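Colleague: I am new to this structure and would enjoy a close look at a single part. Could you pick a strand arrangement and walk me through it?

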Amino acid sequence: MRRRFLDSLLRAVNSAPRFTLVLTLRADFFPAAIAYPPFAEALKQCELQFLSPMSREELQEAIEKPAAKMKVRLEEALAKRLIDAVWEQSGHLPLLEFALTQLWERQANQTLTHKAYAEIGGVEEALANYAESVYSQLSEGDRKKAEKVFIQLVHPGAGTKDTRRVVTGADLNEENWDLVRRLADARLVVTDSNQKTGEETVEMVHEALIEHWGRLRRWVGASREFRTWQDGLQPAIAQWESRDRDSRALLGGVPLDVAEVWLLQRGEELSERERVFVERSLELRDRLRQEEEERRRRELEQERKARRAAQTAAGVGVVSVAIVSALALIANNQRLEAEKQTAIATLRESAARVQNLLSVNPVDGLVLAIQAAGESQSKLGQVLSPVQSSLVSAIETSTEENLFQGHQYSVLSVAVSPDGQYIVSGSADNTVRLWNRKGEPVGQPFQGHQGYVSSVAFSPDGQYIVSGSWDETVRLWNLKGEPVGQPFRGHQGYVSSVAFSPDGQYIVSGSDDKTVRLWNLKGEPVGQPFQGHQVSVSSVAFSPDGQYIVSGGGDKTVRLWNLKGEPVGRPFRGHEKGVKSVAFSPDGQYIVSGSDDRTVRLWNRKEEPVGQPWQGHQDKVISVAFSPDGQLLVSGSLDKTVRLWNRKGEPVGQPFRGDHGYVNSVAFSPDGQYIVSGSLDKTVRLWNLKGEPVGQPFRGHEYWVNSVAFSPDGRYIVSGSWDETVRLWNLKGEPVGQLFQRRQGSVNSVAFSPDGQYIVSGSLDNTVRLWNLKGEPVGRPFRGHEDGVFSVAFSPDGQYIVSGSSDTTVRLWNRKGEPVGQPFRGHQGRVSSVAFSPDGQYIVSGSDDKTVRLWNLKGEPVGRPFQGHQDKVISVAFSPDGQYIASGSWDNTVWLWRSGWKASLQVACHRLRYHPVLKNPQTDVAKGARETCEKYGWRGQ
């Protein structure tokens, strides 16, 4: 049809007398125009005029002159306001055209006004507001279809802005195409057809919808992982199709595991092409698994036959029996070794799969890590280093403890009861649900809303719940889910935020209609709506004394009101994008706000910002709150992180605090009840596990203490100092005997051998030395480090020594001073402390690069570096059971870390104890993980 039309145009141009064709064409459509050779040839004969972007003056004329012809005028500076709004944006003419159309429909006395411009939400919001009005007129079924359609029309950016994309009818599935045509009639999408294939296509009318239509942003945010995976699937499908659907191009391994999850969760949103590709991959995997099981079955059958044959041959004679027995023993040993190697290979593959799954589905990664740890211990009697490493990574990455399942669509709001025993949630399925802390539903869903439930809150006494909805109402409920009174009606747009007053007598609500409203518990409005925001109100909160209300809106401002709805002072300005969340400090003197501009801001009551914006989040900040004492603030973001801050806007960790100087060295007592530390204040200190000092500091060194260690029987402590001495102390802090040794140069580290008969020392002269208790050297110095040695330790069996050096390496030695393997490399600064695990299988190291690292004896890292210290890590030590590591730092803190596989497994299992994935396991991996947790993780809990 397109070609026939073009041919008709060409005949008219070439044949009709006095006929001139003026053709306008968008630059991005020019390649399509010249794709038809006859039309391309005709264009060569024309004088093409390329139009550059309009200047500000040209834009002003384009706005004002057509209006003047119709005897319509614009209020002063309105044209400039329109131009300012679009000047920096590419492709701004459609936006400007739409805004002018909306203004034209709202003209008053043949005048386009600033008031009307504010009502439509400005150039950028006009299209978004119009999209919302079109959406609100759809039926419930079409609304769900619209969500799926628009999600497919957005290409999720990877560190860049989300953009629109062209989608074919096949991508959207045929049942959605009727809705697409109606959306095209409403000018929200544009339909076309592919030049080569003739397929119908559709794209969003403008990318401004992605940026400014709040509903679409929420849809895209909730589906970002799915859409990113879906887009990433396309190259694999294209490769498979280009190879005539060769099975070797199908998915396998971790990519197939991920695809299987998405097929189960969102299979109805996949195109037929995508679904077929994933299903064919799964069929191939299942067939190969079946073939492998059949092969194993045949091998087992052959082994059984061989054993029967051996038994039959028993009557041949003693010699024959001996030969058969020997051969059977050899065969059995070979089989066991083969099974062991197969198990190791399988477990290493599982560990690799865990690392890949963590970026896609952290909970599944954690479940697989638990199952692999249990399988490794069961089959091999130990947890392989890669498996332990994957378990540590899974614990660090997967923070989800439970999954409250029941809502049919996205959960938009949650709140915790004042006593912490219950959780309420509001969902896009139009319901409110109450849960206990185990994730079990309490009663039936609260039903009554006719639209998304966007906000929920508990009353201060925990006896009532208030909810706000996209049906423009606020509802009050008791804990049985029974409505209290009638819905609160009055808002002219969806209700985005609700909150109780501190005394529980009033409710405040914020809405897309740009207003804040105050209600009593009967649903009666108290006074008039609070008006001032120019765009939708996203968040509201009461001050602790109940006398003020703060609100945040899409107009980038925070506003303070009294209970009469009168503004208190001027709007708080500073955010560069819409404000998503606001909260008062417990003393009511400060307000915190979170914004789409990715920052958190603190304000005083005078509208003045306190300090600079708090930066760190990588996406929009959607929730903020103060701690009960007002000293800490928490923020939640679309970057999937939660951050804790102090009042200065600095990130806050959880260290133990104690020493009066930099902590240089720490060690556990053999019974695990005490910790000893050495410090720059020249003292040795003894602590209990609560961080409380035991007795007075041990004084005697003339300069700072570099290293401390307990004797194996726990009766003595040895210390080495920058004053070039080694001292021996009893637990009362009294010196035992004279100075143990005096050397030329600083003694940086000392350690007892497990039998208490030897001491090893590390020095600034780059060497490690072994001594007997008389102070006589045993053998030659251990040489190999290229800089000073700052830490040494014996292995539990006394056969090996580990050392850490300023050359950034860790080295392992035998008792003769011979290096075992290559140096352990990874640290980016001096290695200040090293220690063996109690079983001798692992080594921990602390470094000036502020990290703690765990290694196996081959020098391979176990898990990622332990990060948290704000300064150099000076000392590290294992707990006696090997499950924990203590580290001391120049930041004056001591941190406790999990290290052993049992401790890690207990944390992992405890985290998922009430999670549906282990409560009702559906896969073999999940069932294996549950068995592992029952055996190792939940005992005694």
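Modeller: Happy to help; here is a short tour of one sheet, with a little of its surroundings. Please keep in mind that this is a predicted model.

To set the scene, the chain has 941 residues, and 48% of them count as buried. Its secondary structure comes to 22 helices and 48 strands, and the sheet I have picked uses three of those strands in the order β19-β20-β21. This sheet is open, and its pairing is antiparallel. In general, strands of a sheet pair through backbone hydrogen bonds, either parallel or antiparallel.

Where are the edges? They are formed by β19, which covers residues 537-542, and β21, which covers 558-562; each of these pairs on one side only. Neighbouring strands in the sheet are turned against each other by 20° on average, direction ignored.

Now look at β19 beside β20, which runs over residues 548-553: the two are joined by five bridges in the antiparallel sense. A handy spot to find on your screen is V540, which stands opposite S551 in β20.

For a contrast in style, turn to two helices, α4 (residues 56-69) and α5 (residues 78-86), whose axes come within 10 Å and cross at roughly 125°. These helices are therefore oblique to each other, and α4 passes α5 in a right-handed crossing. On the α4 side, the contact is made by R56, L59, Q60, I63 and E64; α5 contributes A79, K80, L82, I83 and D84.

Key
Residues numbered from 1 in each chain as written. Predicted model: local features only at pLDDT ≥ 70, side-chain atom pairs only at ≥ 80, totals over all residues. Heavy atoms only, no water. Helix = DSSP H or I, 4+ residues; strand = E, 2+ residues; numbered from the N terminus. Buried < 20%, exposed > 50% of the residue type's maximum accessible area, 1.4 Å probe, protein only. Pairing = 2+ DSSP bridges. Axes fitted to C-alpha atoms, helices over the stretch in contact; angles between N-to-C directions. Parallel < 35°, antiparallel > 145°, perpendicular 65-115°, else oblique. Left-handed = near helix turned anticlockwise from the far one by under 90°. Contact = heavy atoms within 4.5 Å.
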